[in-house]
Amino acid sequence: MRYSHITPETLADFITRLDAAFGRPGSLYLIGETTQVFEGWRRWTTQIEFTAEVAPQDREHFSRVVRVLREQTGVRVFDESPGDVVPLPDGYETRARPAGMGERPIGGTFVGDGTLDHLKLFHFDPYSVAFRFIARGDEPDYHLVLTFLEQGWVTVAEMNAKLEELLPRFTAESIQQDPAEFRRKCKGLLQMWHSGRPRATHRMTTV
């Protein structure tokens, strides 16, 4: 099966096949639009974004399995932790949200029995994800964060508090973002939130 777009059904198929082919314990953390497709907040996306925690001796095997599935399905796969781009706010580990496929249908669609045999499935800490996409800061990234605000996964007050914690760490821990520029992007995002946003867009689309 080759995918042209990532829908709830194709996302479930990919995750299930990854779990079976990997065959070892680990944790898979969905990120960005992949989280939002899983939750049914959007109908499709163009790539699967995640980060994984597996035993060091299993990392090469996991990467090989992902490469094979990518070739078989034609799906674009993006394996990156938000911590690769921006410092992670304190307590981010405890804010990962369980995304058990057996607890409810993905995006409102039942796919098989929805259970995984090896991997534990989560959504990465929404605040860390929000700051990672604000750092990139194009229009689809802002809409992604605005959707987290709409769904109540992040709040303005907590974002502001965590922003003040993070900014002093940017010069010490991150070389990818100027603190003043990052603050400007956050301010612009919150202005969009308070003023009401235009129709959401997908990455790699023009509307």
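# A tour from Ala172 inward

Start at Ala172, which is exposed, with a relative accessible area of 67%. The model on your screen is predicted. Ala172 belongs to helix 6. Now add Pro87 to the selection. Along the sequence, Ala172 and Pro87 are 85 residues apart. In space, their C-alpha atoms lie 9.5 Å from each other.

**Stop 1: Asp90 and Arg169**

Stay with helix 6, residues 156-173, and select Arg169. Then pick Asp90. These two form a salt bridge, with 3.7 Å between the closest N and O atoms. The pair links distant parts of the chain, 79 residues apart. Asp90 sits in the loop between strand 3 and strand 4. Is Asp90 buried or exposed? Asp90 counts as exposed because its relative accessibility is 57%, and the cut-off for exposed is over 50%.

**Stop 2: the whole chain**

Zoom out and colour by secondary structure. You should find seven helices and five strands. Trace the chain from its start: the pattern is α-β-α-β-α-β-β-β-α-α-α-α. The protein has 207 residues, and 48% of them count as buried.

Switch on the surface. The accessible area comes to about 10,100 Å². Carbon and sulfur atoms account for 50% of that. Next, think about contacts between residues at least 6 apart in sequence. Of these, 77% join residues at least 24 apart.

**Stop 3: the sheet**

Hide the surface and select the strands. In what order do the five strands of the sheet run? The order is 3-2-1-5-4, in an open sheet with mixed pairing. The edges are strand 3 (76-79) and strand 4 (97-98), and each pairs on one side only.

Now select strand 1, residues 26-30, together with strand 5, residues 119-123. They pair in the parallel sense, over five bridges. For one position, click Gly26. Opposite Gly26, in strand 5, stands Leu119.

Add helix 1, residues 8-22. This helix packs on the sheet. It touches strand 1, strand 2 (47-53), strand 3 and strand 5. Look along the axes: the direction of helix 1 makes about 145 degrees with that of strand 5.

**Stop 4: salt bridges of helix 3**

A search of the whole structure finds twelve salt bridges. The Asp90–Arg169 pair was one of your earlier selections. Two others involve helix 3.

Select Arg59 and Asp79. They form a salt bridge, and the closest N and O atoms are 4.0 Å apart. Why does this pair tie together separate parts of the chain? Arg59 lies in helix 3 (residues 59-73) and Asp79 in strand 3, so the bridge joins parts that are 20 residues apart in sequence. Arg59 counts as partly exposed, at 30% relative accessibility. Asp79 is also partly exposed, with a relative accessible area of 40%.

Move to Glu60 and Arg64. This pair also forms a salt bridge, with 4.0 Å between the closest N and O atoms. Here both partners lie in helix 3. They are four residues apart, about one turn of the helix. Glu60 counts as exposed, because its relative accessibility is 60%. Arg64, at 37%, counts as partly exposed.

**Before you close the viewer**

Which strands form the edges of the sheet? They are strand 3 and strand 4. Where does Arg169 lie? Arg169 is in helix 6, the helix that also holds Ala172.

Methods:
Residues are numbered from 1 along each chain as its sequence is written. This is a predicted model: local features need pLDDT of at least 70, side-chain atom pairs count only at pLDDT 80 or more; totals for chains, interfaces and linings use all residues. Side-chain values use heavy atoms; hydrogens and water are left out. Two strands pair if DSSP finds at least two bridges between them. Contact means heavy atoms within 4.5 Å. Axes are lines fitted to C-alpha atoms, for helices over the stretch in contact, and angles run from 0 to 180 degrees between N-to-C directions. A salt bridge is a side-chain nitrogen of Lys or Arg within 4 Å of a carboxyl oxygen of Asp or Glu. Buried means under 20% relative accessible area, exposed over 50%, partly exposed in between (1.4 Å probe, protein chains only). Accessible areas come from the Shrake-Rupley method with a 1.4 Å probe; for residues, only the protein chains shown count as cover.
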